[in-house]
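Grab a pencil and pull up the structure. Below are a few exercises, each with a solution worked out step by step.

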Amino acid sequence: MRSSKSYGAELRVSGSSAARRYDVDRGGIDVTGVCCTGCGRLYDEARFAFGATLWCTCGRRVGALPASREEPRRPAGEFAADAMLARLARWLRLFGFDCVLVPLGDRVSMRGALAGGRAVLTASRVVASAWRHSAVVRIESADARSQLVEVIRRFDLAHRIAPLTRCGECNGLLEPVSRAEAAAFAPPRVVRKIEAFTRCRDCGKTYWEGTHAAAIRAVARDVAARARG
Ligand SMILES: [Zn+2]
Ligand SMILES: [Zn+2]
């Protein structure tokens, strides 16, 4: 185990588990690091960006420096959901919200998402507790519908739900397609009856106002009402 002395830092260990920040002179090279208050191990400050914390090998949690906390910022309805929340992500997209998926607990992806102004949604208590950032949010409900209500309420998005403006499969934006073009992919009876068609700009999936679209709109109304209630 490295001692704090080897880095030339004076380290006083207190009973608190909060880490301290040190500017350490290591043989003429200034290194900004975060010291574990338990064992003195020095960690690269970059690992704590956006309020990330980590467990030191000595068993103490390191991080959560007030100085490294990002300003709380209200996301504008852009999300990164962990892989356990794939159904929620699909529904958020169908409601028009930008939602990418990130591997569960993947710090690099989470940092990237936070840097891009996204809120990170996770179903994992462990992942959520490893971050001290207002935009890392643990989703507590088990079923997708309640999860939707949770997100819409928390981020106050009920008035911004725009069903069927974004592709549920890939997160791409939908663009209108003419009836003539729709004839290439939709059954003739649909083309005769339906006027509005859209297609995903990214994956090409097509959507039109049928029973499925009506069901999505009904879910949107229900979720908005529950989120407001
Ligand atoms: Zn330690
Ligand atoms: Zn798509």
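Before we start, one definition: two strands pair if DSSP finds at least two bridges between them. Helices (H or I, at least four residues) and strands (E, at least two) are DSSP runs, numbered from the N terminus. This is a predicted model, in which local features need pLDDT of at least 70, side-chain atom pairs count only at pLDDT 80 or more, and totals for chains, interfaces and linings use all residues. Residues are numbered from 1 along each chain as its sequence is written, while chains are lettered from A and ligands numbered from 1 in the order in which they are written.

**Exercise 1. Warm-up**

Task: Find how many helices and strands the protein chain has, and what percentage of its residues count as buried.

Solution:
- Step 1. Count the elements: the protein chain has seven helices and twelve strands.
- Step 2. Get the burial rule straight. A residue is buried if 20 or more other C-beta atoms lie within 10 Å of its own, exposed if 12 or fewer, and partly exposed in between, with C-beta atoms placed from the backbone.
- Step 3. Apply the rule: 33% of the 229 residues of the protein chain count as buried.
- Step 4. Now contacts, where two residues touch if their C-beta atoms, placed from the backbone, lie within 7 Å. Take those in the protein chain between residues at least 6 apart in sequence; 49% of them join residues at least 24 apart.

**Exercise 2. The antiparallel sheet**

Task: Work out the strand order of the open sheet of three strands, and which residue stands opposite arginine 199.

Solution:
- Step 1. The order is E10-E11-E12, and the pairing is antiparallel.
- Step 2. Look at the edges: E10 (174-177) and E12 (206-208) each have a single partner strand, so one side of each is left without a neighbour in the sheet.
- Step 3. Check the twist. On average, neighbouring strands here are turned by 35 degrees against each other, direction ignored; the axes are lines fitted to C-alpha atoms, for helices over the stretch in contact, and angles run from 0 to 180 degrees between N-to-C directions.
- Step 4. Zoom in on E11 (residues 197-200), which pairs with E12 in the antiparallel sense over three bridges. Arginine 199 has threonine 206 of E12 opposite.

**Exercise 3. The parallel sheet**

Task: Trace the sheet of four strands and find the partners of alanine 80 in E7 and in E8.

Solution:
- Step 1. This open sheet runs in the order E7-E6-E8-E9, with parallel pairing.
- Step 2. Its edge strands, E7 and E9 (136-138), pair on one side only. Neighbouring strands are turned by 25 degrees against each other on average, direction ignored.
- Step 3. Start with E6 and E7, which pair in the parallel sense over five bridges. Alanine 80 stands opposite valine 100 in E7. The chain gets from E6 to E7 through H1 (residues 86-94), and this β-α-β crossover is right-handed, meaning that with the strands pointing away from the viewer, the path from the first strand over the helix to the second runs clockwise.
- Step 4. Go to E8, which is joined to E6 by three bridges and runs parallel to it. There, alanine 80 has valine 120 as its bridge partner.
- Step 5. Finish with E8 and E9, also parallel and joined by three bridges; leucine 121 stands opposite valine 137 in E9.
- Step 6. Check the cover: H1 lies across E6, E7 and E8, at about 160 degrees to E7, and four of the five residues of E6 are buried.

**Exercise 4. The two sides of H2**

Task: Say which residues of H2 are buried and which are exposed.

Solution:
- Step 1. Within H2 (residues 107-115), the buried ones are Met110, Ala113 and Leu114. Down the axis of H2, they fall within an arc of 95 degrees (taken from the directions from the helix axis to the C-beta atoms), so they line one face of the helix.
- Step 2. Flip to the other side, where Val108 and Ala115 are exposed.
- Step 3. The cover over the buried residues includes E6 (78-82), E7 (98-102) and E8 (119-122).

**Exercise 5. Positive phi**

Task: Is aspartate 156 buried or exposed? And asparagine 171, buried or exposed?

Solution:
- Step 1. Background first: most residues other than glycine have a negative phi.
- Step 2. Aspartate 156 has a positive phi, near 55 degrees, and asparagine 171 has one near 80 degrees.
- Step 3. Aspartate 156 is in the loop between H4 and E10, and asparagine 171 is in the loop between H4 and E10 too.
- Step 4. Aspartate 156 counts as exposed because it has 12 C-beta neighbours inside 10 Å. Asparagine 171 has 20, so it counts as buried.
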